[in-house]
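Reader: I'd like a close look at one hairpin in this protein, and then, if you have the patience, a walk outward to whatever else is worth seeing at the level of side chains. Could you take me through it in one go?

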Amino acid sequence: MTERQSGLYNTLVELKRRHVIRVLGAYTVTFWVVLQVSDIVLPALMAPGWVMMLIIGIGIAGAPLAAALSWFYDLTSQGIRRADSVPVGDEVVRVLGGRWLDYVIIAALVIILAFVLARPGDVLPRVGSTVAILPFADMSAENDSRYFGDGIAEAIMDRLAGVKGIRVAARTSSFALRETGLDARSTAERLGVETLVEGSIRRAGNQIRISARLIDGESGTQVWSETYGGSLDDIFELQDRISAAIASVMQVELDLPGRSILQTDSPDAYDEYLRGRDRLRQQRSEVNVEQAIAHFRNALALDAEFALASAGLCRAHWERYEIGREPQLADIAIAHCRETETRFPDLAETRIALGSLLRGTGELERAENMFRSALKIEPNNAEAHAGLSLTLLQQNRLEGAATEARAAIRMDPAYWRYHSDLGMILYFAGNLDAAIDAVHQAMRLGPENPEPWNTLGGIHFAQGKFRLAGDAFEQSIRRSPNAVAYSNAGTNYFFAGEFSRAEMMFLRATEMTPDDPRMNGFLAWSIRAQAGREAEAEPYHRAVIRTATERLAINVADHEARAMLAMHLAALGHSIAARGAIASIAEPSELDMNSLLTTGFAHYLLGDMEPAVAMFEQALDMGLPFYLLQADPRLQTAWTDPQFAALAARHQPSESFTQGDSP
């Protein structure tokens with residue numbers, strides 16, 4: 001053996017005698033266990049990323065210290081002694097134990113090595129290209145900044161959505177899982193993504209602290225985290241830094257523009273915009289819409305060029321009209337939306353808002369083009385697909401409407417409204433079983449929302465299951481007493497022959513929406529069906545004539561309003577005016593089932609049996625169940641007429657569907 005080899009051998013013997021190798025082995029095993037525990041515990045404690053880096057740094061720095069201490073000292077049954085004073089072979093009991101511990105340490109090191117070699121992806125950050133941005137939790141002392149945390153998450157979402165190589169889950173699906181209690185792996189599986197971004201915010205006056213984390217959806221482990229702080233004046237810079245850091249970890253390039261994607265440099269305007277949008281996305285009510293309008297106005301007062309706030313104001317104004325149906329509200333909405341179109345024509349949100357307005361004013365072709373142009377700007381915008389779906393539905397293009405509704409669901413699978421819309425489309429298409437499935441899914445995702453219950457009630461009504469329909473409408477009223485729910489319950493009672501109960505329901509509906517001609521029409525027929533009260537119904541017939549005329553001033557192509565106008569003019573005995581209104585109605589091929597049915601009633605009230613039967617025939621061909629026509633109390637004496645008898649002979653009761661209730 002050479003002198004050099006002899007020296008190395010002696011060194012190894014000395015390292016063994018002084019237990020340095022044993023100590024380093026035990027240290028390595030302990031350090032690895034600490035890292036694994038920290039990787040699980042720190043994210044749950046919402047600890048910033050530097051805590052893990054500090055633990056790693058201490059662990060690495062501690063290894064030489066442990067080796068040095070084990071070289072110079074040994075802990076024996078006689079206390080701490082210098083290692084060179086313990087003779088070789090001395091039978092003292094050392095804290096580190098005997099030879100069995102060597103075997104334990106070797107086995108543990110082999111397991112760690114095998115784990116690293118078998119699953120390198122769990123040791124090194126492994127991030128997929130599909131990502132969901134979860135809402136950032138509000139950790140503020142006042143707990144009043146949830147809307148702000150949502151806004152931070154959405155700003156990051158918007159940044160990453162335009163990056164090539166990343167697919168970002170839609171907002172509503174990500175946010176729908178806010179309070180489900182699902183763990184990271186279950187959440188990622190539900191959203192169909194490989195990576196999750198979650199975090200928290202803390203606001204104290206003008207100061208903001210944002211913590212963000214990136215989590216591997218398959219293993220549930222954290223692969224990156226960081227904490228950012230500053231004032232609200234720095235909020236846009238903070239958003240950019242977080243987005244850039246996430247993109248860097250995901251190994252894609254993020255091109256950050258010079259100005260915020262939210263198109264404002266004012267943090268206060270941004271805050272007001274977030275408050276307004278939060279109100280607009282809550283349950284539709286007059287209070288929420290009014291508050292949304294106030295916040296959007298405040299945002300524009302702070303920054304008149306804030307395009308998203310302008311588009312939000314357009315949508316809020318139109319929603320306010322759709323709730324109250326007051327003509328002056330429509331004028332306000334139209335004026336503001338036109339201004340938004342002029343100033344910010346290339347924003348997807350502007351085009352979506354305008355599409356909703358155009359659909360509501362009957363300009364369906366322009367509405368369709370507007371939604372399609374929004375999709376050219378943002379092909380994965382679920383809201384644009386949903387708006388296009390409803391526009392195609394109004395054109396009776398049911399197949400295309402269902403396709404667009406399913407596209408919206410594909411991009412935003414956890415949003416209850418899109419499933420509810422699909423259920424309504426399938427209902428109109430006569431596919432009742434599939435419609436019920438879609439509505440039940442909407443109920444599971446949004447259990448507190450009344451709209452799916454209204455749709456379910458309409459389906460059961462179409463099936464002639466009036467008790468089930470009544471139960472569904474009652475569930476809707478329980479969740480949110482609204483005009484549609486009361487009206488639907490009233491229709492159910494009307495067909496069941498309980499006219500006084502129907503009257504009470506329709507009276508509540510008209511109190512909520514006095515300018516909706518449908519509600520006044522329902523109330524008129526419920527009163528008129530009760531013996532000796534025909535005169536009491538007259539004011540409500542006149543209310544329909546007034547409000548239908550106002551609706552036509554807003555939307556000249558509103559065939560339903562024109563048919564209601566003709567029907568209630570005929571009910572009051574104004575035959576010439578009623579026939580004039582009928583003459584102005586579009587060709588029957590352009591009418592939906594409700595308009596055909598209502599026009600048929602107008603002819604019937606005028607005593608024109610042949611055209612009445614022709615209209616009813618076309619409605620039946622579109623899927624109106626004959627038994628609903630036969631059970632309608634307004635047609636109780638019609639079936640003795642030869643033409644109506646022939647209609648009855650041609651049709652048998654079916655389990656098809658009805659679009660809704662005629663006024």
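Author: In the hairpin formed by S7 and S8, 5 residues lie between the two strands, and Gly 220 has a positive phi near 80 degrees. Please keep in mind that this is a predicted model. Strand S7 covers residues 207-216, and its pairing with S8 is antiparallel, with 9 bridges. If you want a place to put your finger, try Ile 215, which stands opposite Gln 222 of S8. Strand S8 itself runs over residues 222-231, and because 8 of its 10 residues are buried, the strand is largely enclosed by the rest of the structure. As you follow the strands, it helps to remember that side chains in a regular strand alternate between the two faces of the sheet.

The positive phi of the glycine brings up another backbone spot. Most residues other than glycine have a negative phi. Asn 396 is not a glycine, yet its phi is positive, at about 60 degrees. You will find Asn 396 in the loop that runs between helix H16 (382-394) and helix H17 (398-411). With a relative accessibility of 34%, Asn 396 counts as partly exposed.

Another loop is worth a stop, the one between strand S4 (137-138) and helix H6 (146-161), where Ser 145 has its place. Is Ser 145 buried or exposed? Ser 145 is buried, because its relative accessible area is 4% and the cut-off for buried is under 20%. Leaving out residues up to four places away in sequence, Ser 145 touches Asp 138, Ser 140, Ile 201 and Arg 203. Arg 202 is 57 residues from Ser 145 in sequence, while their C-alpha atoms are 8.4 Å apart in space.

Now for the cysteines. A disulfide is a covalent bond between the sulfur atoms of two cysteines, and this structure holds 1 of them. The partners are Cys 314 and Cys 337, with 1.9 Å between their sulfur atoms. This disulfide links distant parts of the chain: Cys 314 belongs to helix H12 (residues 307-324) and Cys 337 to helix H13 (residues 327-343), 23 residues apart. The torsion about the S-S bond is about 100 degrees, so the disulfide is right-handed. Cys 314 and Cys 337 are both buried.

The helices that carry these cysteines also take part in salt bridges, of which the whole structure has 29. In one of them, Glu 383 meets Arg 315, at 2.5 Å from N to O. That pair also connects distant parts of the chain, with Glu 383 in helix H16, Arg 315 in helix H12 and their positions 68 residues apart. Glu 383 is partly exposed, at a relative accessible area of 30%, and Arg 315 is partly exposed too, at 24% relative accessibility.

A second salt bridge lies within helix H13, where Glu 341 and Arg 338 are 3 residues apart, about one turn of the helix. Their side chains meet at 3.7 Å, N to O. Glu 341 has a relative accessible area of 25% and is partly exposed, while Arg 338 counts as partly exposed at 28%. Salt bridges with shared partners join Arg 338, Glu 341, Glu 363 and Arg 366 into one network.

Elsewhere, Glu 534 pairs with Arg 528, and the closest N and O atoms of that salt bridge are 3.7 Å apart. Arg 528 is partly exposed, with 23% relative accessibility.

Finally, the rings. A pair of aromatic rings is described by the distance of the centres and the angle of the planes. The structure holds 14 aromatic pairs. In the pair of Tyr 427 and Phe 428, the centres are 5.3 Å apart and the planes make an angle of 35 degrees, so the pair is tilted. Tyr 427 and Phe 428 are both buried.

Further along the chain, ring pairs link Phe 601, Tyr 604, Phe 616, Phe 626, Trp 639 and Phe 644 into a cluster. One ring of this cluster, Phe 601, has a charged neighbour: Arg 634 lies over its face, 4.3 Å from the ring centre. The charged end of Arg 634 also sits over the ring of Trp 525, at 5.6 Å from the centre of that ring.

Methods. Residues are numbered from 1 along each chain as its sequence is written. This is a predicted model: local features need pLDDT of at least 70, side-chain atom pairs count only at pLDDT 80 or more; totals for chains, interfaces and linings use all residues. Side-chain values use heavy atoms; hydrogens and water are left out. Rings of Phe, Tyr and Trp (its six-membered ring) pair if their centres lie within 6.5 Å; planes under 30 degrees apart count as stacked, over 60 as edge-to-face and the rest as tilted. Buried means under 20% relative accessible area, exposed over 50%, partly exposed in between (1.4 Å probe, protein chains only). A charge sits over a ring if NZ of Lys or CZ of Arg is within 6 Å of the ring centre and within 35 degrees of the ring normal. Helices (H or I, at least four residues) and strands (E, at least two) are DSSP runs, numbered from the N terminus. A disulfide is a pair of cysteine sulfur atoms within 2.5 Å. Two strands pair if DSSP finds at least two bridges between them. A salt bridge is a side-chain nitrogen of Lys or Arg within 4 Å of a carboxyl oxygen of Asp or Glu. Contact means heavy atoms within 4.5 Å.
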